[in-house]
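Work through the exercises below with the sequence and the 3D view side by side. Try each task before you read its solution.

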Amino acid sequence: MKAALIEEPGKVLVTTVPDPTPGPRDVVVKVSACGLCGTDLHILQGEFAPTLPVVPGHEFAGTVAAVGREVTGLREGDRVAVDPSLYCHECRYCREGHANLCERWAAIGVSVAGGAAEYAVAPVANCVKLPDHVSTEDAALIEPLSCAVRGYDVLSARMGARVLIYGSGTMGLMMLELAKRTGAASVDVVDINPDRLATAVSLGVSGSAANPDELDRPRGWDVVIDATGNAKAIQDGVNRVAKAGTFLQFGVSDYATKVVIEPYRIYNEEITITGSMAVLHSYERAADLFATGVIDPKVFISDRMPLDEYPAALDRFAAGQGRKIVVLPGA
C-alpha cells in the first residue's frame with residue numbers, strides 16, 4: 001500500500017509499505033482522511049518518535065476494512081474515528097488514572113505506523129463509530145478536539161473567567177470554541193499571523209491583537225493558554241496571568257525551549273502553571289461534541305490534499321499556512 005514515511009530526521013517521502021494485518025482485537029481501517037499536526041513536525045525533527053522510520057498520522061478516520069478474529073463490536077463497512085493512544089495499563093501512572101503519562105506511552109502515528117497511509121491498524125477499543133450525519137473526511141478533527149477537551153479538564157475553569165489564548169491555529173481555535181462554551185466572561189486571542197487571527201475573529205472573540213498590550217487588560221487574565229509552543233509567546237503569557245490565575249501550556253514546544261519564571265510571584269500571587277498532555281478519557285466526549293457541531297469543519301479545515309502531496313502538505317503546515325491541513329489517501 002501507499003504511505004507517507006518519515007525515514008530519518010528531516011526526510012519524508014511517499015512510498016510503498018507492506019499491507020497491514022489485524023491482530024485478534026484489532027481492525028484495519030481504510031483511511032479516508034488524516035490531519036497534520038505539530039507533533040508530525042516534531043517527529044520529522046527526530047523528536048517524540050522512539051525510532052525512525054515511521055508512518056506518521058495520529059489524527060485519522062476511515063472505514064473498517066478488516067477485523068481480527070476476536071472483534072465483535074465492529075464489522076467491515078463501519079465508519080470510525082480512531083483514538084491513537086496506546087497505553088500499557090500496568091505502570092503506576094496507568095493504574096492511578098493518568099494513562100496519558102504512561103511509562104511505556106506509545107501512539108499510532110508516533111511510535112507505530114499511523115494514518116498517513118491507505119490503511120492503518122488500530123485496536124478495536126480505540127475506535128469510535130461515527131453517526132450517519134458526520135462526514136468521515138471531517139472526523140479526523142475529533143482527535144485534536146479530544147486534546148482540547150483534555151486541556152479544559154486540566155483547567156477546571158470557573159465560570160466568568162477572563163481567558164487569553166496565544167495562537168489561532170487549529171488548537172487555539174478549538175480552545176476558543178470550548179472557552180466560549182464553558183462560561184468564560186471574555187475570550188481574547190493573540191496571533192502574529194493576520195490570516196489566522198481573522199479566522200478567530202470570524203468565530204467570535206472579545207478582543208484580538210498581534211500583541212496583548214493592545215487589549216487593555218491591566219490586571220491580566222484569569223486563564224492564559226499557550227497554543228503555540230513558541231518560547232516568546234510562552235514567556236509573555238506567563239507574565240500576563242492575573243493573581244490566582246492559571247497558565248496552561250497546551251502548545252507543544254521543541255525539547256530545547258526554555259522560559260523564565262519568577263518563583264516569588266508564583267507564590268505571592270498564587271499562580272498555577274500546568275500542562276495538558278494529549279488525550280485522557282476525552283476522545284469519546286470529543287466525538288459526541290463534534291457530532292453536535294461544536295466546531296465547523298468548513299472553518300477548521302483549510303486544505304484537503306492527496307496523500308501523494310504529503311511532503312508538500314507538511315511544508316505548508318510548517319510555514320504556518322492555512323489552518324488544519326488534511327490528506328486524503330483515497331484521493
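**Exercise 1. The open sheet**

Task: Find the six strands of the open sheet, give their order, and say which strands lie at the edges.

Solution.
Step 1. Trace the order β12-β11-β10-β13-β14-β15. These six strands form an open sheet with parallel pairing. Strands are DSSP runs of E with at least two residues, helices are runs of H or I with at least four, and both are numbered from the N terminus. Two strands pair if DSSP finds at least two bridges between them.
Step 2. Look for strands that pair on one side only: these edge strands are β12 (207-209) and β15 (272-275).
Step 3. Add the twist. On average, neighbouring strands of this sheet are turned by 15° against each other, direction ignored.

Before you go on, note how the model was made and read. This is a predicted model, in which local features need pLDDT of at least 70 and side-chain atom pairs count only at pLDDT 80 or more, while totals for chains, interfaces and linings use all residues. Residues are numbered from 1 along each chain as its sequence is written, and side-chain values use heavy atoms, with hydrogens and water left out.

**Exercise 2. One strand pair and its helices**

Task: Describe how β10 and β13 pair, then place α4 and α6 on the sheet.

Solution.
Step 1. Strand β10 covers residues 162-166 and strand β13 covers residues 221-226. They pair in the parallel sense, over four bridges.
Step 2. Pick out one position: I165 stands opposite I225 in β13.
Step 3. Now place α4 (residues 170-181). This helix lies across β10, β11 (186-190), β13 and β14 (241-249). It runs at about 170° to β11. Axes are lines fitted to C-alpha atoms, for helices over the stretch in contact, and angles run from 0 to 180 degrees between N-to-C directions.
Step 4. Helix α6 (residues 231-238) also packs on the sheet, touching β10, β13, β14 and β15. Contact means heavy atoms within 4.5 Å. The direction of α6 makes about 155° with that of β14.

**Exercise 3. The nonpolar cores**

Task: Which residues touch the most other members of the largest nonpolar core?

Solution.
Step 1. Know the term. A nonpolar core is a set of buried Ala, Val, Leu, Ile, Met, Phe, Trp, Tyr and Cys residues joined through side-chain atoms within 4.5 Å. Buried means under 20% relative accessible area, exposed over 50%, partly exposed in between (1.4 Å probe, protein chains only).
Step 2. The largest core has 47 residues, and I142, I225 and F250 touch the most other members.
Step 3. Elements that give two or more residues to this core include α3 (142-155), α5 (194-203) and α8 (283-291).
Step 4. Zoom in on I142. Leaving out residues up to four places away in sequence, I142 touches A81, L130, Y283, A286, A287 and F290.
Step 5. A second, separate core has 35 residues, among them L41, V71, L74 and L307.

**Exercise 4. Cysteines**

Task: How many disulfides does the whole structure hold, and why is C37 not in one?

Solution.
Step 1. A disulfide is a pair of cysteine sulfur atoms within 2.5 Å. The search finds zero.
Step 2. The cysteine sulfur closest to that of C37 is in C147, 7.1 Å away, so the gap is too far for a bond. C37 is buried, at 15% relative accessible area.
Step 3. C88 is in no disulfide either. The nearest cysteine sulfur, in C102, is 3.5 Å away. C88 is buried too, at 17%.

**Exercise 5. Salt bridges**

Task: For the bridges K324 to E59 and R92 to E96, say which residues are buried and which are exposed or partly exposed.

Solution.
Step 1. A salt bridge is a side-chain nitrogen of Lys or Arg within 4 Å of a carboxyl oxygen of Asp or Glu. The structure holds 16.
Step 2. In the K324 to E59 bridge, the closest N and O atoms are 2.8 Å apart. K324 sits in strand β17 and E59 in strand β4 (residues 59-67), 265 residues apart. K324 is buried at 3%, and E59 is buried at 1%.
Step 3. R92 and E96 meet at 3.3 Å, N to O. R92 is exposed at 53%, whereas E96 is partly exposed at 48%.
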